[in-house]
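User: Could you zoom in on one part of this structure and walk me through it slowly? I'm in my first year, so please explain the terms as they come up.

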Amino acid sequence: MNIKYRLKALIIISLSFALIIVSSNAFAYWNSIDLFEDNDLNTVNLGQWSSASNTPQGIALFDPLTQYYTYDLVWYGGYIFEYKGVNTTVGADPDNLTDWMFLNDLDWHTTVTYYSGEIVYHNGIIYEAQWTTTGSEPGTVANGPWDSLIPEEYSWTVGQATSLNDVVYHNGELYQFKENYTTTEPGTTTEWSVYGDITYGIDYVYEGGELVTYLGNYYLAGWYTKGAIPTNGGPWTSYSLVTWSTANVYKNIKYVYHNGTIYKALNTKKLSSAQIEPGTAAAKGIWQAYDTADWNQYNTYENGDFVKYNGDVWILANNTNSTSIPGTAADSWNNAGSLDYTPFSTYVVGDYVIYNDMVYEAVNATNANLYAPEVVTDSWNLVSGYDWYWFNTYVKDDIVYYNGTVYTAARTTNQEPGTGNDWDIV
């Protein structure tokens, strides 16, 4: 609340009130007013009459008469605020929410200025600012100032360029683009196919060797084609799909049907033995499940390949461990399309995850791959907030609030503030 008063008419009352106030800050403020100026009105913010003793050691109480600059910190209303603009207008307090924000607040604010490299957590996704920006909502502008920290190969982002046969994750589904180039959203145009679906599409581009189904029949593309309806002629050849059995030898067969799945021959030279059954350990590198996106234990996968398993999408981090069931072993499959922490994903220093709706950063890859956030020190840092957390690793100049005092780290440390030499009062 602001009180307007006429100086000349209230000189005696004002002086008496100044003597009653016990706060040295309040006394200094009143004492600084020239009572003989010919000013009709002045404004005093009642919030600043509180005693300076309520301010933590190591940080200054917000002063409406002080001009603040980028990254300046103040104590206001029981919180640490950081200024994100260039310089303040005198009297523009943090309640105005224009370029003032809580220290380490990861929410996106339409009036706050963000700088290159800063992150926000918005609509369940972590974004990084690519340049100075104000008012541009993350995730809404193609090639805009915000970049999703979900890698593009994990999840489609607005405006993303996609090329022929690229596979992307979007809205809980895997899509494959069947044309040459697009920036359209997966599933919104007829050139997008659900990954693993081999149903013919008239707007799809096919390359030689691809198998499709059309009106209940199978056809094999002889060369690059688009728009040609499958028939036994032109770019298409009618294909008789046989069911695999131990009685046959499949030396020159490209595709077979077995246990509800179509398999493609990866190495026809090794098919001379009738005992190589698709979908078995012996068939790894020889037969490949073809008409499905589901994980197949004995498929041949490369790092970066997508699969679906138990309703989730996974991406391969280490192809030597591709036979591990997704979500059950470390250094094999990573949960894709999300930054949610998963116990068996592979993390490196600097990776961000979301855990219990909070944002964490990996600071030690070995520990981060062994422990969930907040289990041991020197593994994951909680990024939001400015309180001291026992499990965080702090580096030089990091700022924390602990036991009524604001500290800055003198060096990399896990030490409790106030108990050693690793922390200085700001």
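Analyst:
**A close look at Y401**

Y401 sits in strand β31 (strands are DSSP runs of E with at least two residues, helices are runs of H or I with at least four, and both are numbered from the N terminus). Before going on, note that this is a predicted model, where local features need pLDDT of at least 70 and side-chain atom pairs count only at pLDDT 80 or more, while totals for chains, interfaces and linings use all residues. Residues are numbered from 1 along each chain as its sequence is written, and side-chain values use heavy atoms, with hydrogens and water left out.

Is Y401 buried or exposed? Its relative accessibility is 23%, so Y401 counts as partly exposed (buried is under 20% relative accessible area, exposed is over 50%, and partly exposed lies in between, with a 1.4 Å probe and protein chains only).

Now for the company that Y401 keeps. Leaving out residues up to four places away in sequence, Y401 touches P56, W75, I80, Y386, D387, W388 and V406 (contact means heavy atoms within 4.5 Å). Y79 is 322 residues away from Y401 in sequence, yet their C-alpha atoms are 9.8 Å apart.

Two of those names, W75 and I80, lead to a hairpin. Strand β3 (residues 73-76) and strand β4 (residues 79-83) run antiparallel, joined by four bridges (strands pair if DSSP finds at least two bridges between them). W75 has I80 in β4 as its bridge partner. Two residues lie between β3 and β4, and G77 in that turn has a positive phi of about 60°.

Back to β31, which has a role in a core too. The largest nonpolar core has 18 residues, and W380, Y394 and W423 have the most contacts inside it (such a core is a set of buried Ala, Val, Leu, Ile, Met, Phe, Trp, Tyr and Cys residues joined through side-chain atoms within 4.5 Å). Strand β31 (399-402) gives two or more residues to this core, as do β29 (358-362), β30 (380-382) and β32 (405-409). In soluble globular proteins, nonpolar side chains tend to be buried together.

Let's follow Y394 a bit further. Setting aside neighbours within four places in sequence, the contacts of Y394 include D387, W388, V400, A409 and W423. So where do Y401 and Y394 meet up? D387 and W388 are on the contact list of Y401, and D387 and W388 are also in contact with Y394.
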